[in-house]
Amino acid sequence: MQAELTNAQARRIALAAQGFADPRPTNATMRHVQRVIDRVQVVQIDSVNVVARSHYLPFYSRLGAYDTALLDRARDGTGPRSRAPRRLVESWAHVASLIPPETWPFLGFRMAGAADDSWSHQVARDHPGVLERVRGVVRDQGPLTARQVDALVEPGDVRNRDQWGWNWSLVKHCLEHLFWAGEIVSSGRNSQFERRYCDPAFVLPPEVLARAPGQPHAPDVAESGVALMRRAVSAHGIGTAADLRDYFRLRQSMAGPALAELVRLGEVEQVVVRGWDQPAYLDAAARRPRAVAARALLSPFDSLVWERSRTERIFSFRYRIEIYVPEAQRVFGYYVLPFLWGEHLVGRVDVKADRLAGRLLVRRLHLEPDAPAGAREALGEELGQLAGWLGLDRVDFT
C-alpha cells in the first residue's frame with residue numbers, strides 16, 4: 001500500500017528540501033553558500049535588477065545578510081583570469097541558470113539540440129566563417145565579453161534589430177550558439193552583468209571535461225535523465241511528476257523513464273498526498289520536519305515557487321509575475337516578492353531599491369486573508385533587514 005501524507009506534511013518536506021527548515025547563520029561563509037547550492041541545484045539568472053540581481057536573492061532568503069562576494073567567487077573564481085574550477089557554472093538548465101559543474105555534462109542532450117534550433121542553426125549555416133573566427137578568438141584569448149569578441153572579429157558589424165529586440169550583433173549570435181552547444185562556456189560575469197566567454201577547459205575540471213558532449217564517457221540521454229531527475233527529486237523533497245520534470249525542463253519522454261528508474265532503485269517512493277489530484281513522488285532521503293519556522297522574502301525567480309501550480313497546491317497561494325503585464329492591469333505590482341512566514345506564504349510586497357536615495361520603496365503590500373496575527377510586523381522586520389543587506393538607509397511605504 002502507498003503511504004499517505006497530508007498537504008501540511010508535504011509542505012514541510014518541500015520547505016526543508018529547499019533549505020528553509022534551518023536557522024539562518026549568524027555569519028554566512030562559503031560553506032553555507034555551498035550548502036544552498038547542494039540543496040537547490042539550480043539558481044535562475046535574470047537581468048532584472050529592481051531589488052538585486054535575481055541570483056543573489058535565493059541565497060539571501062536562506063542565509064540572511066550574506067556577503068554577495070561569496071557568490072561572485074563561487075561563479076567567477078578569484079578573478080577575471082582565474083582558471084580555478086568554479087563551484088557554479090552557467091548553462092541552460094531550468095532556463096538560464098547557475099548549476100554545479102558536475103551537472104553540466106548531463107545537459108549535453110540540450111547542447112546537442114542547438115543544431116536543430118531555428119535561429120541557432122541559421123547562424124551556423126549562413127555564417128560558418130564568422131562562427132569559426134568567434135570560436136578561435138574565444139579559445140585563444142578568452143575570457144572575453146561579447147563586445148570584446150565583437151571588436152576582434154567583426155569591427156563595425158551592423159546590428160540586426162529584427163532578432164528578438166535584443167539588438168544582438170552577428171558575433172553575439174555566434175557566441176550564443178556556441179554557448180548553447182557547449183563549445184564555449186562562461187567564466188563569470190562583469191559588473192555590467194555581461195558574460196565572459198571562454199573555452200570549457202578554462203573553468204571546468206578534467207573529470208567534467210571527460211564527460212563533455214562528444215567525449216567517449218559522455219552520458220547518454222537515459223543516464224542524463226536519471227541524474228537530472230535525481231537532483232530534481234532532492235531539491236523538491238516531494239512533488240508530482242510534472243513538478244519534477246519542470247525543474248530541468250525535461251520532456252516527458254526523458255523524465256518518465258528516469259523517474260520510474262529512481263522508483264525501481266528505491267530512491268523515490270510513490271505516495272498519496274491528500275488533496276492532490278496526481279500521484280506524488282517522495283525523496284526516500286527527504287527530511288520530514290514536524291514544524292518549520294522560516295521567515296523570508298522570496299525572489300519571483302526562487303526555485304521554491306517556480307512551478308506556479310505546485311505553489312498553489314502546496315501553499316494555497318496563487319502567484320504570477322506581473323513584470324510583463326501592462327501597469328493598469330497589474331493586481332499586486334511590478335516586482336512582487338512573496339513573504340514566507342513559518343511554513344506559509346502569508347503576503348506579498350512590490351518593492352524597489354532606490355539606490356540613489358538610499359531607500360527601499362514598498363509600493364504595494366498585501367497580506368493573505370488568512371494571514372495570522374503578527375504577519376504584518378514580521379514582514380516589516382524582514383523588509384528592514386532586506387534594506388540593510390542592500391545597503392539602504394530606510395524603508396519607505398509609498
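Let me start at a turn: in the hairpin of β5 and β6, where five residues lie between the strands, F193 takes a positive phi near 70 degrees. I should say at once that this is a predicted model, and that I will stay with two groups of strands.

The strands on either side of that turn are β5, residues 185-189, and β6, and they run antiparallel, joined by three bridges. Within this pairing, V185 stands opposite C198 of β6. As general background, side chains in a regular strand alternate between the two faces of the sheet. Strand β6, residues 195-198, is covered on both faces, since R195 and Y197 on one side are buried, and R196 and C198 on the other side are buried as well.

Now to the second group, which is built around β12. What makes β12 largely enclosed by the rest of the structure? Nine of the 11 residues in this strand, which spans residues 344-354, are buried, and therefore the strand is largely enclosed.

On one hand, β12 pairs with β11, residues 336-342, in the antiparallel sense over six bridges, and these two strands form a hairpin with one residue between them. On the other hand, β12 is joined by eight bridges to β13, residues 359-367, and this pair also runs antiparallel. The hairpin of β12 and β13 has four residues between its strands, and there G358 takes a positive phi near 70 degrees.

To follow one residue through these pairings, please look at V349 in β12, which is the bridge partner of L337, and which in turn has L365 in β13 as a bridge partner.

Methods
Residues numbered from 1 in each chain as written. Predicted model: local features only at pLDDT ≥ 70, side-chain atom pairs only at ≥ 80, totals over all residues. Heavy atoms only, no water. Buried < 20%, exposed > 50% of the residue type's maximum accessible area, 1.4 Å probe, protein only. Pairing = 2+ DSSP bridges.
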